[in-house]
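Let's take a friendly look at aromatic rings and the company they keep. Please have the sequence and the 3D view at hand.

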Amino acid sequence: MPTTDAWIVLKFGGTSVSSREKWETIADQVQQLVDDGRRPLVVCSAVSGISDQLESVVQLAVRGEHEEVVEKIKERHLELGDALQVDGEALLEEYFEKLDKFSKGAALVEEVSPSLHARIMALGELMSTRLGAAFLNEQGVGTGWCDAREMLTAQRRSHEPMHRQFLSASCPFDYDDDLRTRLDDRDESVLLTQGFIASDHAGRTVLLGRGGSDTSAAYLAAKIGAEKLEVWTDVPGMFTANPRKIPQARLLRHLDYDEAQELATMGATVLHPRCIRPVREQGIELEIRCTPHPELDGTTVSAVDDEGGRVKAISAKTGITAVSMDTLGMWQQVGFLADVFAIFKHHGLSIDLVATSESNVTVTLDPTANALQPEVLDRVVSDLNEVCSAELVDGCGVVSLVGTKIRSNLSQLGPALKVFEEHKIHLVSQAASDLNFSLVVDEHQAGRLVEKLHQLLFAEQREDEVFGPRWNALVGAEGPRWFEKAWWRGRAEQLCDIAAQNGPTFAYDQQTLDRQANALTGMESVDRVFFAIKANPHPDILRRFHDHGLGFECVSPGELERVEDTFDDLQDERLLFTPNFASRQEYEAGYEAGAMVTLDNLHPLRAWPEVFEGREVLVRIDPGQGRGHHRYVRTAGPRSKFGVAPSELEELAGLAAEHDVTVVGLHAHVGSGVTEAGTWSETAQFLNSQRHWFDDVEILNLGGGLGVPERPGDSPLQLEEVDQALAAFKQANPGLELWLEPGRYLVSEAGVLLARVTQLKSKGNLHYVGVDTGMNSLIRPALYGAHHGIVNLSKIDDEPDGFYEVVGPICESGDVLGHARRLAEPQEGDVLLVANAGAYGRAMSSRYNLREPAGEILVEA
């Protein structure tokens, strides 16, 4: 029996338990602890993606449509068992039987109680830990499996709704001498248990809510008096900003408990906010570690005496709804706030930020803590209007500066806060704890503001005892060899010659264009693919896609003319015209060109019905919620100008019938850069639900928006999963054609921008590299804050020597192609390559400053 008194609790999330490679890392880490005389207690989440699939089972079972998802869950675990070389069938037979039993029971009674919901969801953690414990034992790491429900008992909360008691429970975390003794007496060197689950006082399974595995580990660490809690995830700690969005963000080496709590609450997803309090109250050190890079030091959270005070991070939360309440009657009125807050409580809504004045109270509602259903918000506003004048402000984001003694630093923050001067601020909140200063702005501005603030506050920050290395230096997010598999990696000499001969140039690889077109035309579920030519209207690219059988989606008369000039005999069914807020003459031009025309507003049918009389149209509908890699390219929802609202379809159907207009198709496009494979089948389901307004609909145009990786390390869209989901939709809804209209997916990776170094400059800790073109050729970084990989093509085989600001010659402070990029030492005349520039590069270029944008050329190996 082990004799150590030192317990270390290690928590591993879903991505950390989803492959043999990750489990080998777990085995190595716990064995090192055992060798050092420690007792590891390992807390594991469900395999990545399984909790979402189990949630789908809950939703589908009431309709009897769960079996396919159930089989996928089983297959995923059996595949992992095979990879781990353990007997998955035998280990998981009990849980597979329960999954079948629970889902069939729900289908039989056509409902899922909160208790059954919890039991279904708990299976994810139970299955992952059974496989993991077996693997560790096979590796010679003596491991005992424990049921977390026998160690964690939820607090009694009989006054709360049943769904909260079962699906969002909390547990006491006082030191538990009995539990400590039970674990000390176990014979195994390592114990492994589940996160996310606990039991109530009746022994029934309850859940700790999403993010509950962090909380489980913290509860257990506190209850057994652990020496340390290690949270293992896919990043090595907390950073000065989200490193996935800002690769130059610096690691935070040490944080106080309160600072970590504030960061987690204000948007840093690496830790769940509820996990801080248990370790803080027991004085247990918490360390964030990185499963893919276990050799890296992470962030340590403990009691820190920071007398100086400074801003340590910038965070952003999006999807926020603000509620503004006006009334002069609140001035000196006793109990006004109590009255309005009681309304939010009555509707089960938790308030986040609050700002008050003599005549206004504004609060924010965080979607991670609330189910912000439109009907609930409507009822809240209706009730609030009994005591004040209430208004919903949706589509908001919260930008927060987090650190210690923020108030003492406000004067120094003055220059940084100027970035807000041209943006509407809905609310300003300065935390009573003096740990954060938050501003609520329009959501589409949040990301850009964070990037600007980070550049102003941290660009010259060097490493010290608090601030560590940059993210891109730590894990290669923009690391030295991120480009090894790019098409241009072995063609540096060819591309450098092009830049030397032609100056700034967009170069497009023909083989990559062919590969992307083949991938889309190979989708069995999709009947037609139209290239959205606004992404890149180069005639040779259009010809190449024409040869692959693609059609063309145009949004302007100019684009129609480009297609007509390029092709003499294009069939009408290969031309689609989708204008927005266009004039009567543009619609007429669309029909004259022989295009299929899409309406996205009632105004044309109300004002010029004769243009459409006796003709066919498609109708673009707003599904009400957008997606995408940037708010500016999310093209659905109330703050988007695109599409007909579903509430207007009845009138549109009446106008169409009155004027002999045949609606043959419905169209929706939720945004650009989307990588969730289920998006397009969800769009199909939405459009199908609106078909009842029109008798002749045969086409569902699902838009485009198929994402490509923006940064090295980003996960690509799984096109085969999109195809499978759409095939299932078509099988359930025969007789419908499905169309896609991608743009960026087809051309982005095929294109690069070549630019030559003109000058070098250093100012303080910043090193600038000037090139001979900038935002006049590629405006996406300035407009969207878009990220493009950059490499010194002239020295592609050399190792980077430092970080550089890559800037153009345009007389604008925003003319920056990339911040803090790792480059091999640049010199005048070197050619820099800007990757993923094939879409919305030359197409969005200008002659600003009367500088010509980069030219264009197609290349092949």
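The report below covers aromatic pairs, a cluster and charges over rings.

## Aromatic pairs

This is a predicted model, and a search of the whole structure turns up 11 aromatic pairs. One of them joins Phe530 and Trp739, whose ring centres are 5.0 Å apart with 50° between the planes. That pair is tilted, because an angle that is neither under 30 degrees nor over 60 counts as tilted. It links distant parts of the chain: Phe530 belongs to strand E20 (residues 528-532) and Trp739 to strand E27 (residues 737-740), 209 residues apart. Phe530 is buried, at 1% relative accessible area, and Trp739 is buried as well, with a value of 1%.

Moving one position along, Phe531 and Phe545 make an edge-to-face pair, with 4.9 Å from centre to centre and 70° between the planes. Here strand E20, which holds Phe531, is linked to helix H18 (residues 539-547), which holds Phe545; the two residues are 14 apart. Phe531 has 0% relative accessibility and so counts as buried. Phe545, at 0%, is likewise buried.

## An aromatic cluster

Rings can also gather in groups. Tyr587, Tyr591, Trp608 and Phe612 together make up one aromatic cluster.

## Charges over rings

Which ring lies under the charged end of Arg130? It is the ring of Trp145, with the charged end of Arg130 sitting 3.5 Å from the ring centre.

Arg470 offers another example: its charged end sits over the ring of Phe803, 4.3 Å from the centre of that ring.

Conventions. Residues numbered from 1 in each chain as written. Predicted model: local features only at pLDDT ≥ 70, side-chain atom pairs only at ≥ 80, totals over all residues. Heavy atoms only, no water. Phe/Tyr/Trp six-rings, centres within 6.5 Å; stacked < 30°, edge-to-face > 60°. Helix = DSSP H or I, 4+ residues; strand = E, 2+ residues; numbered from the N terminus. Buried < 20%, exposed > 50% of the residue type's maximum accessible area, 1.4 Å probe, protein only. Lys NZ or Arg CZ within 6 Å of the ring centre and 35° of its normal.
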